[in-house]
Amino acid sequence: MRVEGNPPRVLFPDEHLDRLRHSAELLGLPPLSSPEGLREEVTSLAASAPLPSPFLLRVCLFEGERSLDCRPASFPQSGLSGRLLRHSRPLPEAKSTQDATPYAALAGMDLAKEDLLLVQPETERLPESATANLIFAKEDLLVIPEEQVLPGLTLGAVLASLSRKASFRIERRTPRLDELDAFSEILACGSGREVSAFGTIPEIDWRSRSVAVFETLSRTYAAYKKERHA
């Protein structure tokens with residue numbers, strides 16, 4: 001969860017906790033014994049954490065216990081460097097740290113500047129990054145993976161905002177690796193990154209050729225946050 005402002009406030013806490021409960025159900029973990037108590041813990045930690053905002057607050061559920069911690073948040077940017085990781089998440093619809101492969105790879109990266117693009121080995125398709133949902137853009141066309149991805153709250157907010165406009169055409173499908181040259185922008189959407197964009201993917205010699213969609217969606221998401229948390 002992203003925490004912003006002074007005094008610090010958690011962005012979209014109910015949506016995050018609803019997804020946490022849903023992920024626990026998918027993973028077969030016991031249901032939350034006190035959802036209201038957990039919300040109070042989250043609010044209290046956000047208010048007392050010894051970090052300047054914005055920062056990230058994480059809740060982890062285990063068998064019969066839970067933990068909460070905070071870490072600094074990176075700022076949205078348009079120059080991420082992408083690395084490829086051929087890997088399929090066993091249960092991508094759940095928010096989980098059980099899948100150790102992406103987390104092990106992320107441990108050696110500077111997440112303020114880099115991210116992992118997950119490539120399904122069987123199909124060579126790119127459903128998401130290790131930390132965010134993806135948007136592939138070319139002029140007014142946005143191609144957004146819908147299957148075998150974590151339902152992202154930031155992406156959902158962007159899509160809800162775009163539904164009020166006729167600025168973009170949206171296709172819900174997952175591009176293949178060999179299609180990426182057709183896209184001038186690749187964006188990453190998540191609580192940590194908010195709306196960010198890749199500048200380059202060195203392994204396939206892909207480079208961003210525009211920031212127009214990044215700038216538009218960044219403004220759209222900022223307006224959505226302001227409206228929700230005014």
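I looked up helix H5 (residues 212-228) first in this predicted model: H5 has 17 residues and reaches 25 Å from its first C-alpha to its last, close to the 24 Å expected at 1.5 Å a residue, the expected span being 1.5 Å times one less than the number of residues. Helices (H or I, at least four residues) and strands (E, at least two) are DSSP runs, numbered from the N terminus.

I then listed the buried residues of H5 (buried is under 20% relative accessible area, exposed over 50%, with a 1.4 Å probe and protein chains only), and these are Val213, Phe214, Leu217, Thr220, Tyr221, Tyr224 and Lys225. Seen down the axis of H5, they fall within an arc of 135 degrees, taken from the directions from the axis to the C-beta atoms, so they line one face of the helix. On the other side of H5, Arg219 and Lys226 are exposed. Contact, meaning heavy atoms within 4.5 Å, shows that what covers the buried residues includes E1, helix H4 (153-162) and strand E10 (185-190).

Next I turned to strand E6 (residues 114-119), where six of six residues are buried. I noted that Glu114, Leu116 and Leu118 point one way from E6, and Asp115, Leu117 and Val119 the other way. Six bridges join strand E5 (residues 80-86) to E6, and the two run parallel; Ser81 has Glu114 as its bridge partner in E6.

For provenance, I recorded that residues are numbered from 1 along each chain as its sequence is written. Local features need pLDDT of at least 70, side-chain atom pairs count only at pLDDT 80 or more, totals for chains, interfaces and linings use all residues, and side-chain values use heavy atoms, leaving out hydrogens and water.

How values were computed. Pairing = 2+ DSSP bridges.
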